[in-house]
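Biologist: Hi, could you walk me through this one? I'd like to start with the ligand.

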Amino acid sequence: MTRFLLGTLTFAGVATMGLGMAHAQTPDLSAPPAIDGEVVEDHGSHTIRMGIGLAESSPQYISSQHFADILEERSEGRLTVNIFPNSQLGDDVQMMEMLQTGTLDMSYPSSSPATTYVPELAAFDLPFLLPTREAAVAVMQSDVAQGMLDSFDGTGIKALAFSENGYRQLSNSVRPVETPEDVGGLDMGGLTIRTMENPVHLSIWETLGANPTPMAFGELFSAMEQGVVDGQENPWSTILTSNFHEVQDYGSETRHVYTPFIMMMSERTWDRLDPAYQDLVQEAARQSAAYEIQLAAEYDDWSRNQLEERGMQITRLNDEQIAAFQEAVQPVYDEWAPEIGEDLIAEIQAIAEETMSN
Ligand code: TK8
């Protein structure tokens, strides 16, 4: 805890000094839960290399550090995790391939590019499927979701836990967007929007009249800076912690898709661990994923407000405007629901509705 506390104080201190007293780089975040549980007896030592896409100030990194702290404390230092942020080891697609070959031990991609391994994950890419965070969390913690994690078995990837990337928001450098027509541009021409490498996302933006451009996350900032793409879509915390506001003038609170993260380990690494260590890794993954969801929630609105303070013009959409987007992307359901599985989608919607009726 001392190390974490010192880390936080140092981090916040540097952030505050770096940006003057006006902005801290993080909201008042909940401290990680106390690390409890037995120390696992000695089954050898392992150093785990983990690559993630986002910055050190992101909920993804902070919770991954908590994962590392749990392993280190409950193995008395025999299990250590070295985290490499900012896509420095590669993008989501590349790092999943590195897990398969065993050249990387862990990663934490979005579910969207992982549909090549487990097609059912594409349910999460259906627009406006999960209306509230509570519904999304209930789905991610359901048996249906566990079945998706189990479906990675045999791919070379051990999928450990879902957490929150979050509700995706549109940003662009051309014009404010309030309606689907603002995306398609009518006679002005559609916005060129970077998407994740995922066919449902391509379909969403094609249906809205944009020019979707699949691209690795690590290439996105320079593509926007050079005008290769007009815009992108990600949660507010990612837009802020990746400094996209430096190259994007307009934001629209579309909340069009809720994307999970999936914490993953190479099956080669997993198979080298003693079962007692495997149990510890699985427990630590679930605990850190729950903490990540808490951090992501604490970051969400705060990040949007920070972006506005830093000059981004953010359009909040009212219920009618959201309904216009929902109607405009209905063809995406018509196209993809049979492919993904009507029963699976109905099961997910039932979980969501039950959560919202409570
Ligand atoms: C980071 C990505 C990112 C995702 C994207 O590794 O690619 O836009 O939303 O968060 O997973």
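Biologist: So how far is an oxygen atom of the ligand from an N or O atom in the side chain of Ser-110?

Modeller: That distance is 2.7 Å, which fits a polar contact (a pair of N or O atoms within 3.5 Å; within protein, one must be able to donate a hydrogen and the other to accept it, and residues adjacent in sequence count only if both atoms are side-chain atoms). Bear in mind that this is a predicted model, where local features need pLDDT of at least 70, side-chain atom pairs count only at pLDDT 80 or more, and totals for chains, interfaces and linings use all residues. Residues are numbered from 1 along each chain as its sequence is written, and side-chain values use heavy atoms, with hydrogens and water left out.

Biologist: How far is Asp-92 from a ligand oxygen? And what about Arg-194?

Modeller: An N or O atom in the Asp-92 side chain is 2.6 Å from an oxygen of the ligand. For Arg-194, a polar side-chain atom lies 2.7 Å from a ligand oxygen.

Biologist: Which other residues are around the ligand?

Modeller: Among them are Gly-53, Leu-54, Asn-165, Arg-168 and Phe-261; the cut-off is a heavy atom within 4 Å.

Biologist: Switching topic, what are the domains?

Modeller: Domain 1 is 9–164 + 260–301 and domain 2 is 169–256 + 309–357, with bounds from an automatic or database domain assignment. Their C-alpha centres lie 24 Å apart. The contact (heavy atoms within 4.5 Å) takes 35 residues from domain 1 and 36 residues from domain 2.

Biologist: How much area is buried between domain 1 and domain 2?

Modeller: About 3,100 Å², with carbon and sulfur atoms giving 70% of it. That is the accessible area (1.4 Å probe) the two parts lose on being put together, summed over both. Leu-126, Pro-127 and Phe-128 supply 23% of what domain 1 buries against domain 2, more than any other three residues.

Biologist: How many salt bridges are there between domain 1 and domain 2?

Modeller: Zero, counting a side-chain nitrogen of Lys or Arg within 4 Å of a carboxyl oxygen of Asp or Glu. There are six residue pairs in polar contact between the two domains, though.

Biologist: And how many salt bridges in the whole structure?

Modeller: The search finds 10. One links the side chains of Asp-42 and Arg-78, at 3.6 Å, N to O. Asp-42 sits in the loop between α1 and β1 and Arg-78 in the loop between α2 and β2, so the pair ties together parts 36 residues apart in sequence. Those labels are DSSP runs numbered from the N terminus: helices (H or I, at least four residues) and strands (E, at least two).
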